[in-house]
Amino acid sequence: MAGIGPITQDWEPVVVRKKAPNAAAKKDEKAVNAARRSGAEIDTVKKSNAGTNKAASSSTTLNTRKLDEDTESLSHERVPMELKKNIMQARMGKKLTQAQLAQLINEKPQVIQEYESGKAIPNQQIITKLERVLGVKLRGKK
């Protein structure tokens, strides 16, 4: 490669700059105050429904009427009385506490307490675990 001549750099210099401020940054309180000090023109626009808790569309009357006309009571299914009695009797028959039974089925003691008080939403997997550990069929024919 001898004799070709001097090697020169042909690259353009690269200048790294910050990005121009976006719309949110332009509306920032600091930016607005700086613009006021410098005498720049500031445009203020009041948006309708700004700062209110109202939806953009006022079609809630239709939904409200549907809810008012709805007579269906919505609630979760709870543990039946016979199931909670069966769990309690089987647990006491095995002489286990709620905490011990919960540990045997790998659940929290609160789960057993909710099942025995009738507050739990029935979960077939948990009921199956209880049947296996207690050795009793807790569910009737369905």
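**Exercise 1. The residue after α2**

Which residue follows α2, and what is the sign of its phi?

Solution. The structure is a predicted model. Step 1: go to helix α2, which spans residues 29-38. Step 2: read off the residue that follows α2; this is G39. Step 3: check the backbone angle of G39; phi is positive, near 85 degrees. Step 4: look at how α2 itself is placed. Of its 10 residues, the number buried is 0, so α2 lies largely in the open.

**Exercise 2. The overall fold**

State how many helices and strands the protein chain has, and describe its burial and its surface.

Solution. Step 1: count the elements. The protein chain has 7 helices and 0 strands, giving the pattern α-α-α-α-α-α-α along the sequence. Step 2: take burial. The protein chain has 142 residues, of which 15% count as buried. Step 3: take the surface. About 12,800 Å² is exposed, and carbon and sulfur atoms supply 53% of that area. Step 4: consider the contacts between residues at least 6 apart in sequence. Of these, 51% join residues at least 24 apart.

**Exercise 3. The salt bridges**

Find the 2 salt bridges of the structure and say which parts of the chain each one ties together.

Solution. Step 1: take R91 and E116. Their closest N and O atoms are 2.6 Å apart, which is inside the 4 Å cut-off for a salt bridge. Step 2: place R91 and E116. R91 belongs to helix α4 (residues 81-93) and E116 to helix α6 (residues 109-117), so this salt bridge ties together parts that are 25 residues apart in sequence. Step 3: check the burial of this pair; both R91 and E116 are buried.

Step 4: turn to K129 and E107, whose side chains form a salt bridge with an N to O distance of 3.0 Å. K129 is in helix α7 (residues 124-134), while E107 is in the loop between α5 (98-104) and α6, so the parts tied together are 22 residues apart in sequence. Step 5: check the exposure of K129 and E107. K129 has a relative accessible area of 24% and is partly exposed. E107, at 26%, is also partly exposed.

**Exercise 4. A buried lysine**

What is the nearest side chain of opposite charge to K84, and how far away is it?

Solution. Step 1: locate K84, which lies in helix α4. Step 2: find the nearest side chain of opposite charge. That is E116, 10.0 Å away. Step 3: compare this distance with the cut-off. A salt bridge needs the atoms within 4 Å, and K84 has no salt bridge although it is buried. Step 4: list what K84 touches. Leaving aside neighbours within four places in sequence, K84 contacts V79, Y115, E116, S117 and G118. Step 5: note the backbone of G118. This residue comes just after α6 and has a positive phi of about 85 degrees.

**Exercise 5. The core and helix α6**

Which residues touch the most other members of the largest nonpolar core, and which helix gives the most to it?

Solution. Step 1: the largest nonpolar core has 17 residues, and Y115 and L130 touch the most other members. Step 2: at least two residues of this core come from each of α4, α5, α6 and α7. α7 gives the most, with 4 residues. Step 3: follow the contacts of Y115. Beyond four places in sequence, its partners include V79, K84, I87, P122, I126 and I127.

Step 4: look at α6 as a whole. Its residues V111, I112, Y115 and E116 are buried. Viewed down the axis of α6, the buried residues fall within an arc of 130 degrees, so they line one face of the helix. Step 5: identify what that face packs against. The buried residues of α6 pack against α4, α5 and α7.

**Exercise 6. Positive phi outside glycine**

Where do K95 and N106 lie, and are they buried or exposed?

Solution. Step 1: K95 is in the loop between α4 and α5. Its phi is positive, near 55 degrees, and it is not a glycine. With 74% relative accessibility, K95 is exposed. Step 2: N106 is in the loop between α5 and α6. N106, again not a glycine, has a positive phi of about 60 degrees. With 66% relative accessibility, N106 is exposed.

Definitions and conventions:
Residues are numbered from 1 along each chain as its sequence is written. This is a predicted model: local features need pLDDT of at least 70, side-chain atom pairs count only at pLDDT 80 or more; totals for chains, interfaces and linings use all residues. Side-chain values use heavy atoms; hydrogens and water are left out. Buried means under 20% relative accessible area, exposed over 50%, partly exposed in between (1.4 Å probe, protein chains only). A nonpolar core is a set of buried Ala, Val, Leu, Ile, Met, Phe, Trp, Tyr and Cys residues joined through side-chain atoms within 4.5 Å. Contact means heavy atoms within 4.5 Å. Lys and Arg count as positive and Asp and Glu as negative; His and the chain ends are not counted. The arc is that of the directions from the helix axis to the C-beta atoms. Accessible areas come from the Shrake-Rupley method with a 1.4 Å probe; for residues, only the protein chains shown count as cover.
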